[in-house]
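Work through these exercises with the structure open. Try each task before reading its solution.

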Amino acid sequence: MLTFDYKCSQCDAKYEITPELMLCPECELEQKRGQPLKGVLEVELKGTPISNDPLDYLPVEREYFPDMPVGNTPLWHPEKLLQKHDFPELYFKDDGLNPTGSLKDRASLLVAAFARKNGIDEVVVASTGNAGSSMAGVGAAAGLKVKLFLPKSAPQAKLIQSLQYGADLVLAEKNYDQAFALSLQYSKKFGGMNRNTAYNPMTIEGKKTVSIEIFNQLDRVPDHIFVSVGDGVILSGLYKGFRDLLQFKKIPKMPEIHGIQALGSSAISRAMSSGEFQEQHAETVADSISVNMPSNGYLALKNLKAYSGHCVTLTDEEILSSQKELSSSCGLFSEPAAAAAYAGFLKQKKILDPNSTCVVLLTGNGLKDINSALKNIVIPSKTINSLDELN
């Protein structure tokens, strides 16, 4: 059996897990405007897990989870791409096949269970799109009200998805960072549980389940994992899952994790080089990883440095090209932010052992953002009445 506490990722202070506690109270006092969150909390595990089921590594009992098939997503091993790149152990973890179409369902599921356990009936969240539509969908299954703040630039498919699930949607005039700030103001004024990424410790903890699944599916730890990075929470969730497996001696090593960012939204990559976070006016076709200042920047950077991780930046052209190649080569249609992970593999493969085990983590479905996909394809404009008219 396991027991759970919170531990500050900066000062190592430990706290009891309560629904009111979001950040380390001491480190939060050091928060500076326009910088990543200070005092991000992680869940610390003690004891022995009763199985390798990812749910048994989480700090909420099974009875509180809504009946929704989150996780257990497939690990693709497409022959065509293996041969093309001469990487026989190349795999694609397709989290776009979660119920709402993104990896964010893993975090939303745990947040919903935690809210239900503590008798909370409303969840508040800011998002670039996927976390919001995810929380809306999982909230519908869990019987929770969802107050959602999205930037007005969010892809229409994600807006429609959120409204279809029944969320109360508010559009922020400027960007995701403004939506984040507005959602915090709302939850402090009106209550409810705030699900904001990194701010709520359960977001990192829920996302760690993808690491445990990868280990279970491969029956070994991969050598390399490629993942797109915006706020840095999925990255830290990956590290957290493998750290838990290391703690319980399930695996012998940490995989090398390659954090992939769009050049137009690369605060973590730049901080990896300079040691400082500088705000950037984010602009990229990969909306799910478009943030001016990554809320989980400090913890993401700490993990990358502690475990010799890598940062890779890509142009929007490289991202869209990889999206099209991935779709046309093996039928995996991922949104630009997810396809960025594959573009990162393409950029890094020349320095990798071709016999190494590589996992590309695809975080969202391509139907989430068809407008971006349209930038790299041509829809026929000519119509015909007879096959004789074909060129």
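**Exercise 1.** Locate Ile370 and decide whether Ile370 is buried, partly exposed or exposed.

*Solution.* This is a predicted model. Step one: Ile370 sits in helix H14, residues 370–373. Step two: take the relative accessibility of Ile370, which is 45%. Step three: apply the cut-offs, with buried under 20% and exposed over 50%. The value falls in between, so Ile370 counts as partly exposed. Step four: look at the surface around this residue. Ile370, Phe333 and Leu367 make a nonpolar surface patch of about 280 Å².

**Exercise 2.** Check the length of helix H4 against the expected span, then find what H4 packs against.

*Solution.* Step one: H4 covers residues 130–142, which is 13 residues. Step two: the expected span is 1.5 Å times one less than the number of residues. That gives 18 Å for H4, and the end C-alpha atoms are 18 Å apart, so the two agree. Step three: check the cover. Of the 13 residues in H4, 11 are buried. Among them are Asn130, Met135, Val138 and Ala142. Step four: list the packing partners. The buried residues of H4 pack against helices H3 (104–117) and H5 (156–164), and against strands E6 (122–126) and E7 (145–151). Step five: step past the end of the helix. Gly143 follows H4 and has a positive phi, near 75 degrees.

**Exercise 3.** Place Thr197 and state whether Thr197 is buried or exposed.

*Solution.* Step one: Thr197 lies in the loop between strand E9 (193–194) and helix H7 (201–207). Step two: the relative accessible area of Thr197 is 9%. The cut-off for buried is under 20%, so Thr197 is buried. Step three: find the contacts, leaving aside neighbours within four places in sequence. They are Tyr176, Phe180, Thr203, Lys207, Asp231, Val233 and Ser295.

**Exercise 4.** Which members of the largest nonpolar core touch the most other members?

*Solution.* Step one: the core has 89 residues. Step two: Tyr6, Val227, Leu235, Leu238 and Phe242 touch the most other members. Step three: a separate core of 27 residues lies apart from this one, and includes Leu81, Ala262, Val312 and Cys330. Step four: inspect Phe242. Beyond four places in sequence, the contacts of Phe242 include Ser211, Val221, Ile251 and Met254.

**Exercise 5.** How far apart are the C-alpha atoms of Glu28 and Lys38?

*Solution.* Step one: Glu28 belongs to helix H1, residues 25–28. Step two: Lys38 is 10 residues away along the chain, yet the C-alpha atoms are separated by 5.3 Å. Step three: not counting residues up to four places away, Glu28 touches Leu23 and Lys38. Step four: Glu28 has 34% relative accessibility and counts as partly exposed.

How values were computed
Residues numbered from 1 in each chain as written. Predicted model: local features only at pLDDT ≥ 70, side-chain atom pairs only at ≥ 80, totals over all residues. Heavy atoms only, no water. Helix = DSSP H or I, 4+ residues; strand = E, 2+ residues; numbered from the N terminus. Buried < 20%, exposed > 50% of the residue type's maximum accessible area, 1.4 Å probe, protein only. Contact = heavy atoms within 4.5 Å. Core = buried A, V, L, I, M, F, W, Y, C linked by side-chain atoms within 4.5 Å. Patch = residues over 30% accessible without salt bridge, like charges linked within 9 Å, V, L, I, M, F, W, Y side chains within 5 Å. Areas by Shrake-Rupley, 256 points an atom, 1.4 Å probe, with all protein chains shown as cover. Salt bridge = Lys/Arg side-chain N within 4 Å of Asp/Glu carboxyl O.
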